[in-house]
Amino acid sequence: MKIIEELLPGCLLMEAAVFTDHRGEFVKTFHDDTMHSLGVDFNLHEEFYSVSHKNVLRGMHFQTDPHAHAKIVYCLTGSVLDVLVDLREGTHYGRAQSTILSGNNKRVLFIPPGIAHGFLALEDQSMMMYKTDLHHVPSADSGIRWDSFGFDWGIQQPILSERDKQHPTLSEYRQNHE
């Protein structure tokens with residue numbers, strides 16, 4: 001694996017190690033020693049995936065302290081517009097960045113604690129894999145509204161869960177957590 005770019009402080013877009021031969025491909029998306037050499041300390045506790053139809057928007061999700069977790073995400077099939085919003089205090093607060101993750105580009109994204117994460121499925125059957133360094137804690141599960149931080153998703157009416165429709169705006173979230 002190698003780092004392509006740092007999207008936000010500590011948010012690393014990486015290129016997975018891909019091995020191709022006459023049989024197809026073998027893709028290594030995680031190797032603890034390699035991650036450590038890149039400055040990422042990640043102890044895997046949970047792994048799960050989602051499959052989304054085109055125009056499904058999932059986000060913007062995170063867990064609050066003391067259960068804030070780091071994530072490693074990548075897209076196995078299809079493609080997504082992956083979006084990050086920095087919720088850590090400092091000059092980057094509220095800043096958003098995005099990238100395309102796809103089964104074709106085999107990019108891997110490391111997301112440290114304090115970052116809201118979401119994505120828009122650009123194709124049917126877009127499968128996202130998530131690895132987290134802490135277990136899911138429902139009482140710490142939180143989010144901000146997808147349309148509240150000035151990011152252009154390129155869609156006016158995405159398909160949203162009821163839960164995601166109810167998230168506070170970024171400014172409401174900040175007012176409640178100062």
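This is a quick tour of the sheet, the aromatic rings, the cysteines and the charged pairs in the structure above. The model is a predicted one, and every value below was computed from it. The chain has an open sheet of 6 strands, 8 aromatic pairs, 10 salt bridges and 0 disulfides.

**The sheet**

- Six strands line up in the order β1-β2-β10-β7-β12-β5, with antiparallel pairing, and the sheet they make is open.
- At the edges you'll find β1 (2-8) and β5, each of which pairs on one side only.
- Ignoring direction, neighbouring strands in this sheet are turned by 20° against each other on average.
- Edge strand β5 is joined to β12 (residues 126-132) by 7 bridges, and these two run antiparallel.
- If you want a spot to look at there, Phe 48 stands opposite Tyr 130 in β12.

**Aromatic rings: Phe 42 and its partners**

- The count of aromatic pairs is 8. One of them is Phe 30 with Phe 42, an edge-to-face pair with 5.8 Å between the centres and 65° between the planes.
- What does this pair tie together? Phe 30 is in the loop between β4 (24-28) and α1 (32-37), while Phe 42 is in the loop between α1 and β5 (46-52), so the contact ties together parts 12 residues apart in sequence.
- Phe 42 also pairs with Phe 110: the centres are 6.2 Å apart and the planes sit at 85°, so this one is edge-to-face too.
- That second contact links distant parts of the chain, with Phe 42 in the loop between α1 and β5 and Phe 110 in strand β10 (residues 107-111), 68 residues apart.
- Buried or exposed? Phe 42 is buried, at 5% relative accessible area, and Phe 110 is buried as well, at 7%. Phe 30 is partly exposed, with 24% relative accessibility.

**Aromatic rings: a cluster further along**

- Which rings make up the cluster? Ring pairs link Trp 146, Phe 149, Phe 151 and Trp 153 into it.

**Arg 174, with a ring and a carboxylate**

- The charged end of Arg 174 sits over the ring of Tyr 93, 3.9 Å from the ring centre.
- Arg 174 also meets Glu 89 in a salt bridge, at 3.2 Å from N to O.
- This salt bridge links distant parts of the chain: Glu 89 is in the loop between β8 (79-86) and β9 (96-102), and Arg 174 is in helix α3 (residues 170-176), 85 residues apart.
- As for accessibility, Glu 89 is exposed at 61%, whereas Arg 174 is partly exposed at 30%.

**Salt bridges around helix α2**

- Lys 165 and Glu 162 form a salt bridge, with their closest N and O atoms 3.1 Å apart.
- Both of these residues lie in helix α2 (residues 162-165), and their spacing of 3 residues is about one turn of the helix.
- Glu 162 is exposed, with a relative accessible area of 52%, and Lys 165 is partly exposed at 38%.
- Asp 164 and Arg 163 meet through their side chains in another salt bridge, at 3.7 Å from N to O.
- Asp 164 is buried, with a relative accessible area of just 2%, while Arg 163 is partly exposed at 36%.
- Which residues are networked here? Salt bridges link Asp 141, Arg 163 and Asp 164.

**Cysteines**

- The disulfide count is 0. Cys 11 is in no disulfide, and the nearest cysteine sulfur, in Cys 75, is 18 Å away.
- Why does Cys 75 have no bond to Cys 11? Its closest cysteine sulfur is the one in Cys 11, and at 18 Å that is too far for a bond. The cut-off for a disulfide is 2.5 Å between the sulfur atoms.
- Cys 11 is buried, with a relative accessible area of 0%, and Cys 75 also counts as buried, at 4% relative accessibility.

Methods. Residues numbered from 1 in each chain as written. Predicted model: local features only at pLDDT ≥ 70, side-chain atom pairs only at ≥ 80, totals over all residues. Heavy atoms only, no water. Phe/Tyr/Trp six-rings, centres within 6.5 Å; stacked < 30°, edge-to-face > 60°. Helix = DSSP H or I, 4+ residues; strand = E, 2+ residues; numbered from the N terminus. Buried < 20%, exposed > 50% of the residue type's maximum accessible area, 1.4 Å probe, protein only. Lys NZ or Arg CZ within 6 Å of the ring centre and 35° of its normal. Salt bridge = Lys/Arg side-chain N within 4 Å of Asp/Glu carboxyl O. Pairing = 2+ DSSP bridges. Axes fitted to C-alpha atoms, helices over the stretch in contact; angles between N-to-C directions.
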